[in-house]
Amino acid sequence: MRKNDIRVMKMDRNNRSILMRALYSDFCANREAGRPNERHAALIMKVHNTPPGKLPLNGAEFRLARNSLNNLRNARIAAGGYTDAADAALIKLVKAKPPFWPFG
């Protein structure tokens, strides 16, 4: 993993909760469809073990989190529910930037 491949998401408790919910939803959908879901399980454990603050994500984890949040948002739109929490978490995720490496 390269240094510039990492993005850091500023995450509070609400964003953490909605990200966990989105990842778990995709995890269950993949399990029911018989598709592999090791990446979802690994990212769920990483988010769970990281305290609210800053969540480092590599490129694959970033795409997985983005797609999971977008799927949750689409499901809530289809159900006629509110998407405020998913929108806020998605905005925080998209604004994630690489950490500053002064020497390297």
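## Salt bridges, buried residues and a charged patch

The structure holds 2 salt bridges, a salt bridge being a side-chain nitrogen of Lys or Arg within 4 Å of a carboxyl oxygen of Asp or Glu. This is a predicted model, in which local features need pLDDT of at least 70 and side-chain atom pairs count only at pLDDT 80 or more, while totals for chains, interfaces and linings use all residues. Residues are numbered from 1 along each chain as its sequence is written, and side-chain values use heavy atoms, with hydrogens and water left out.

Side chains of opposite charge can pair when their charged atoms come close. One such pair is formed by lysine 46 and glutamate 61, whose side chains meet in a salt bridge at 2.8 Å, N to O. This pair links distant parts of the chain, since lysine 46 belongs to helix α2 and glutamate 61 to helix α3, 15 residues apart; helices here are DSSP runs (H or I, at least four residues), as are strands (E, at least two), and they are numbered from the N terminus. Lysine 46 is partly exposed, with a relative accessible area of 25%, whereas glutamate 61 counts as buried at 19% relative accessibility. In these terms, buried means under 20% relative accessible area, exposed means over 50%, and partly exposed lies in between (1.4 Å probe, protein chains only).

The salt bridge between aspartate 87 and arginine 73 has its closest N and O atoms 2.4 Å apart. It also links distant parts of the chain, with aspartate 87 in helix α4 (residues 84-94) and arginine 73 in helix α3, 14 residues apart. Aspartate 87 is partly exposed, with a relative accessible area of 21%, and arginine 73 counts as partly exposed at 25%.

We turn now to some buried residues. Serine 68 is found in helix α3, which covers residues 59-79, and this serine is buried, with a relative accessible area of 1%. Leaving aside neighbours within four places in sequence, serine 68 is in contact (heavy atoms within 4.5 Å) with Ala22, Leu23, Asp26 and His40.

Histidine 40 lies in helix α2 (residues 38-49) and is buried as well, with a relative accessible area of 7%. When residues up to four places away in sequence are not counted, histidine 40 touches Leu23, Asp26, Phe27, Asn30, Leu64 and Ser68. Histidine 40 and leucine 64 are 24 residues apart in sequence, and their C-alpha atoms are 7.6 Å apart in space.

Asparagine 30, in helix α1 (residues 13-33), counts as buried at 10% relative accessibility. With the same sequence neighbours left out, the residues that asparagine 30 touches are Arg35, Pro36, Asn37 and His40.

The surface shows another arrangement of charge: Lys10, Lys54, Lys92, Lys95 and Lys97 gather there in a patch of positive charge. Patches are made of residues with over 30% relative accessible area and no salt bridge, like charges being joined within 9 Å and nonpolar side chains (Val, Leu, Ile, Met, Phe, Trp, Tyr) within 5 Å. Lysine 54, from this patch, has its place in strand β2 (residues 53-57) and is exposed, with a relative accessible area of 57%. Aspartate 12 and lysine 54 are 42 residues apart in sequence, yet 8.4 Å apart in space, C-alpha to C-alpha. Aspartate 12 lies in the loop between β1 (7-11) and α1, and counts as partly exposed at 37% relative accessibility.

Technical notes: Accessible areas come from the Shrake-Rupley method with a 1.4 Å probe; for residues, only the protein chains shown count as cover. Lys and Arg count as positive and Asp and Glu as negative; His and the chain ends are not counted. The place of a charge is taken as NZ of Lys, CZ of Arg, CG of Asp or CD of Glu.
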